[in-house]
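Let's take a walk through this structure together. Keep the 3D view open and follow along.

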Amino acid sequence: MTSPPTTGTACPGAAWRAARAVLPPGHLDAAGCNVPGDRTLDAVIGHLHLERERGGYPAEPDLTDTRTALAALTGAALGTVAGAVPGVAPGAVAGMAPNAVPGAVAGMAPNAVPGAVPGAGPGDVAFAESGTAAMAALLGGWRLPPGSRVGHLRTEYGSTLMLLRRLAADRAWTLVELPADADGRADLDGLRERLSAGLSLVTVPHIASHHGVVQPAAAIGALCRAAGVPLVLDACQSFGHVDVTGAGATAYVGTSRKWLAGPRGVGFLIVPGLTPAMDAPFPALHGHADGVPLPGAVRYEGAEAAMAARVGLGEAVREHLALGPAAVHAHLAHLGRTARRTLDGAGGWRVREPLDEPSALVTLHPPPGDSAAAARARAARANLLVSVVPAARAPLDLTEPVLRVSPPPGTPPETLTALARVLSER
């Protein structure tokens with residue numbers, strides 16, 4: 001079994017790769033499905049052994065530590081994470097900005113944001129089989145009255161947009177597209193105006209699946225709280241990738257398999273701002289009694305699940321916290337800048353984000369005569385794994401597929417240079 005990474009390591013990328021005995025060659029698809037560490041793999045296999053030896057129900061794990069670690073990703077109760085989560089030493093989460101919300105919007109004084117959302121704890125975390133399922137459970141059971149106005153960006157994920165349209169049609173809601181600049185970044189003045197005109201709920205993808213722009217989540221959250229409007233932050237591409245602390249969202253949606261490098265088949269909700277209007281779309285015995293939701297986020301969970309995968313996610317999150325989230329975020333931002341500068345212009349391909357965008361999710365637009373699918377096929381022949389994002393992933397923002405490159409921690413520059421050669425060779 002690989003030793004846990006050293007807290008505060010000077011090179012989180014090297015430590016991340018050292019924690020994996022096997023890495024696919026040329027892996028550049030962390031935004032699709034990342035590579036679990038050895039300890040995560042051991043945790044999954046170990047729990048499956050327990051289920052076989054003891055029986056599935058007697059072997060059911062206590063996931064309180066995992067829920068606590070996930071809640072910590074939002075900046076909640078950071079002072080109590082060290083020691084509360086096994087394997088996370090004091091100071092491991094240094095650099096996460098739990099107090100970043102006050103003053104995040106120009107003109108708002110520190111500590112003057114009304115309606116602040118309390119910090120998340122383990123009881124505010126619910127598991128699902130994917131981020132999409134978690135979002136469906138959250139929005140599908142939210143009892144907004146007819147006539148409610150729901151704000152979203154044009155970069156909204158395709159599945160979420162389909163869900164919102166279905167719910168709007170069934171429940172007489174109105175969907176309001178929020179203003180954004182040419183890069184798809186939320187226009188904060190425009191958001192303030194929309195909030196003043198009346199919104200009932202705002203949903204924002206912190207980083208979209210098809211575009212590596214990081215939304216100003218702390219500022220968006222502060223504006224929504226000031227207006228008394230709940231914010232749902234889709235952080236599936238954010239957790240383990242960029243700082244999510246300071247957003248102060250009512251609810252967060254996340255997934256295991258991307259930047260957290262956990263197993264497939266696990267998504268989660270974090271709902272520090274749970275209200276009586278929030279419930280699962282239908283009651284189930286695990287989270288309800290006589291049809292009434294139990295306290296906390298358990299109302300969104302079903303009793304039956306792949307418990308070994310949830311155990312593995314816990315190990316992956318603890319690895320991330322032990323590496324030091326701030327160091328990992330800075331490392332990934334540097335990788336993203338390096339990738340954009342290496343790939344932009346190669347063979348006529350153009351990067352779609354600002355070159356210095358602080359994310360490692362990089363998307364490229366093809367030149368005439370080439371395509372994302374053709375480039376992916378050429379990359380595969382060169383043992384490079386990249387992905388194609390279809391237009392359906394973001395129907396309000398994409399008109400054709402784009403190539404997505406998302407280097408995991410520790411990706412060597414030579415891998416990006418090799419991809420640049422592939423893009424140049426048609």
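A word on labels before we start: helices and strands here are DSSP runs, numbered from the N terminus, with at least four residues for a helix and at least two for a strand. Keep in mind, too, that this is a predicted model.

With that in hand, find helix H9, which covers residues 307-323. Just past its end sits Gly324, with a positive phi of about 100 degrees. On the other side of that glycine, helix H10 takes up residues 325-343.

How do H9 and H10 sit relative to each other? Two packed helices are described by the angle between their axes and the distance between the axes. Here the axes come within 5 Å and cross at roughly 85 degrees. Angles of 65 to 115 degrees count as roughly perpendicular, and that makes H9 roughly perpendicular to H10. On the H9 side, the contact is made by His320, Leu321 and Leu323; H10 brings Pro325, Ala327, Val328 and His329. Sort those by class and you get five nonpolar residues, two polar ones and no charged ones.

Stay with H9 a little longer. Its 17 residues should span 24 Å at 1.5 Å a residue, and the end C-alpha atoms are 25 Å apart, so the two figures agree. Is this helix buried or exposed? Of its 17 residues, 17 are buried, so H9 is largely enclosed by the rest of the structure.

One residue of H9 leads us to the charged pairs. Side chains of opposite charge can pair when their charged atoms come close. Glu315 does this with Arg39, in a salt bridge at 3.3 Å from N to O. The pair ties together distant parts of the chain, with Arg39 in helix H2 and Glu315 in helix H9, 276 residues apart. The two partners are not equally covered: Glu315 has a relative accessible area of 16%, so it counts as buried, while Arg39 is partly exposed at 28%. Arg318 joins in as well, since Arg39, Glu315 and Arg318 are linked in a network of salt bridges.

How many salt bridges turn up in the whole structure? A search finds 14. Another one to look up is Arg404 with Asp29, where the closest N and O atoms are 3.7 Å apart. This pair also bridges distant stretches, 375 residues apart: Arg404 belongs to strand E15 (residues 402-405), and Asp29 to the loop between helix H1 (12-18) and helix H2 (38-54). Both Arg404 and Asp29 are buried. Then there is Arg378 with Asp370, at 3.0 Å from N to O. Arg378 is at 13% relative accessibility, so it counts as buried, and Asp370, at 12%, does too.

Finally, back to backbone angles. Which residues other than glycine have a positive phi? Ala261 is one of them, at about 60 degrees, and Asp290 is another, near 55 degrees. Ala261 is in the loop between strand E8 (251-255) and strand E9 (267-270). Asp290 is also in a loop, between strand E10 (288-289) and strand E11 (292-293). Their surroundings contrast: Ala261 is buried, at 2% relative accessibility, whereas Asp290 is exposed, with a relative accessible area of 84%.

Note on methods: Residues numbered from 1 in each chain as written. Predicted model: local features only at pLDDT ≥ 70, side-chain atom pairs only at ≥ 80, totals over all residues. Heavy atoms only, no water. Axes fitted to C-alpha atoms, helices over the stretch in contact; angles between N-to-C directions. Parallel < 35°, antiparallel > 145°, perpendicular 65-115°, else oblique. Contact = heavy atoms within 4.5 Å. Nonpolar A, V, L, I, M, F, W, Y, C, P; charged D, E, K, R; others polar. Expected span 1.5 Å × (residues − 1). Buried < 20%, exposed > 50% of the residue type's maximum accessible area, 1.4 Å probe, protein only. Salt bridge = Lys/Arg side-chain N within 4 Å of Asp/Glu carboxyl O.
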